[in-house]
Amino acid sequence: MLGVPGWPAELHDAQSGVSLRPYRRSDATAWSQVRRANEEWLAPWEPTPPGGAWADLNSPASFRLVYKELRRAARAGHAMPFAVCLRTPDNVERLVGQVTLGNIVRRAFCSAYAGYWVDARVAGRGVIPTALALAVDHAFDQGGLHRIEVNIRPENAASRRVVEKLGFREEAYHQKYLHIAGAWRDHVGYALTTEDLAGEGGLLARWHQQRGIRRTA
Ligand SMILES: CC(C)(COP(=O)(O)OP(=O)(O)OC[C@H]1O[C@@H](n2cnc3c(N)ncnc32)[C@H](O)[C@@H]1OP(=O)(O)O)[C@@H](O)C(=O)NCCC(=O)NCCS
C-alpha cells in the first residue's frame, strides 16, 4: 500500500552512531545470531512464544516469517518496526536491537505503543533511549502521531529507566495486561505526547542536552 505516513524511513544520530532502518531480507543471519546469543536476557520480557525452542524460534528461517509479518504490518500502516544498528569504532554497522512502534491507530487517537530490546553486549550505553528518541521524533513529525505509550513490567528496572530518562509520564497501572514469558503480567503505563515536547526541539535534542549536562555535572 502506498502513502503510509512516515514509512519507510531511515533515521540516524551521528553523535552516538545509532541508526534505525527497516529490516532487510539480508538481516536473517545477523538477527538470528543476536537473538540466539540473548535468550536469557530477552526471554523474561518478551511475549509468550507459540512454543518451541528459542534457537528454532530465532533461526534465520524464522526471521523470514518475522520479516514478512513486520513488512505487512508496516505497509498497512499498523506499525513502524525499526532495526536498531550501531556503528562500531571500525566503522561497521552492526544490528544490535529493535524499536517497534506498533498498534498504530489514527483518526482521533493518533497513537502507538513502543517496544524495544537491545543486545546485552551493548546495554548501558544509551542505545535504546537514543533509538526511541529518534523513533518518537519521527512518529510525531513525519508519522503524524500525537501520542506514544510504553508498557513495562514493574520489575523491569532497566526499561523503566529508559522511559524515565526520556521524560515519559507514568500514567497507569494495568493489571494482568500482557502475556509475557508464560503468564499474564501487570504493566506500568508510560506516555508522551507532542505537547510534552513543545519548545524542546524534539526528544533527541532534549536527550542530548540532558546527557551533555550530565557529563559536565
Ligand atoms: C531495557 C533495555 C532495552 C535498555 O536498553 P539500553 O540501551 O541498555 O538502555 P540504557 O543504556 O539507557 O540503560 C538503561 C538502564 O539499564 C541498566 N544497565 C546499564 N548497564 C547495564 C548492563 N550492562 N546490563 C544490565 N542493565 C544495565 C541501568 O540501570 C540503566 O539505567 P541508568 O542509565 O539510569 O544507569 C535493555 O536493558 C534490554 O534490552 N532489556 C531486555 C529486553 C527488555 O526488557 N525490553 C523492554 C521490554 S518493556
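Student: Of the 46 residues in the largest nonpolar core, which touch the most other members?

Tutor: Those are Leu20, Tyr116, Leu132, Val136, Ile148 and Phe168. A nonpolar core here is a set of buried Ala, Val, Leu, Ile, Met, Phe, Trp, Tyr and Cys residues joined through side-chain atoms within 4.5 Å. Buried means under 20% relative accessible area, exposed means over 50%, and partly exposed is in between, with a 1.4 Å probe and protein chains only. One caution early on: this is a predicted model, where local features need pLDDT of at least 70, side-chain atom pairs count only at pLDDT 80 or more, and totals for chains, interfaces and linings use all residues. Residues are numbered from 1 along each chain as its sequence is written, and side-chain values use heavy atoms, with hydrogens and water left out.

Student: Got it. Which element gives the largest share of this core?

Tutor: That is α5, with ten residues. Helices (H or I, at least four residues) and strands (E, at least two) are DSSP runs, numbered from the N terminus.

Student: And what does Val136 touch?

Tutor: Val136 touches Ile148, Phe168, Leu192, Leu197 and Leu203, leaving aside residues up to four places away in sequence. Contact means heavy atoms within 4.5 Å. Apart from this core lies another, of 13 residues, including Ala28, Phe63, Cys85 and Leu95.

Student: Let's switch to α6. Which of its residues are buried?

Tutor: In α6, residues 157-165, the buried ones are Ser159, Arg160, Val162 and Val163. Seen down the helix axis, the buried residues of α6 fall within an arc of 150°, so they line one face. That arc is taken from the directions from the helix axis to the C-beta atoms. Ala157 and Ala158, on the other side of α6, are exposed.

Student: Why do residues three or four places apart point the same way in an α-helix?

Tutor: An α-helix has 3.6 residues a turn, so residues at that spacing point the same way.

Student: What do the buried residues of α6 pack against?

Tutor: They pack against β5 (111-118), α5 (127-140), β6 (147-152), β7 (169-180) and β8 (183-193). After α6 comes Gly167, with a positive phi near 85°.

Student: How about the ligand: how many residues surround it, and which are the closest?

Tutor: There are 19 around the ligand, the closest being Gly124, Gly126, Asn156, Arg161 and Lys165. A residue counts as near if one of its heavy atoms lies within 4 Å. α6 gives the most to this shell, with five residues.

Student: Where do polar atoms of the protein come up to a nitrogen or oxygen atom of the ligand?

Tutor: At Lys165, an N or O atom in the side chain is 2.5 Å from a ligand oxygen atom. At Gly124, a backbone N or O atom lies 2.8 Å from an oxygen atom of the ligand. At Tyr116, a polar backbone atom is 2.8 Å from a ligand nitrogen atom. Taken alone, the ligand exposes 920 Å², and the protein buries 73% of that. Those areas come from the Shrake-Rupley method with a 1.4 Å probe; for residues, only the protein chains shown count as cover.

Student: New topic, Asp13. Is it buried or exposed?

Tutor: Asp13 is buried, with a relative accessible area of 6%, and is found in strand β1. Its side chain makes a polar contact of 3.2 Å with the side chain of His208. A polar contact is a pair of N or O atoms within 3.5 Å; within protein, one must be able to donate a hydrogen and the other to accept it, and residues adjacent in sequence count only if both atoms are side-chain atoms. Asp13 and Leu134 are 121 residues apart in sequence and 7.7 Å apart in space, C-alpha to C-alpha.

Student: What about backbone oddities, say which residues a cis peptide bond joins?

Tutor: A cis peptide bond joins Trp7 and Pro8, with omega about 0°. Pro8 is in the segment before β1 (11-13). Most residues other than glycine have a negative phi, and most peptide bonds are trans. Asn91 has a positive phi near 70° and is exposed at 54% relative accessibility. Ala181 has a positive phi near 45°, in the loop between β7 and β8.
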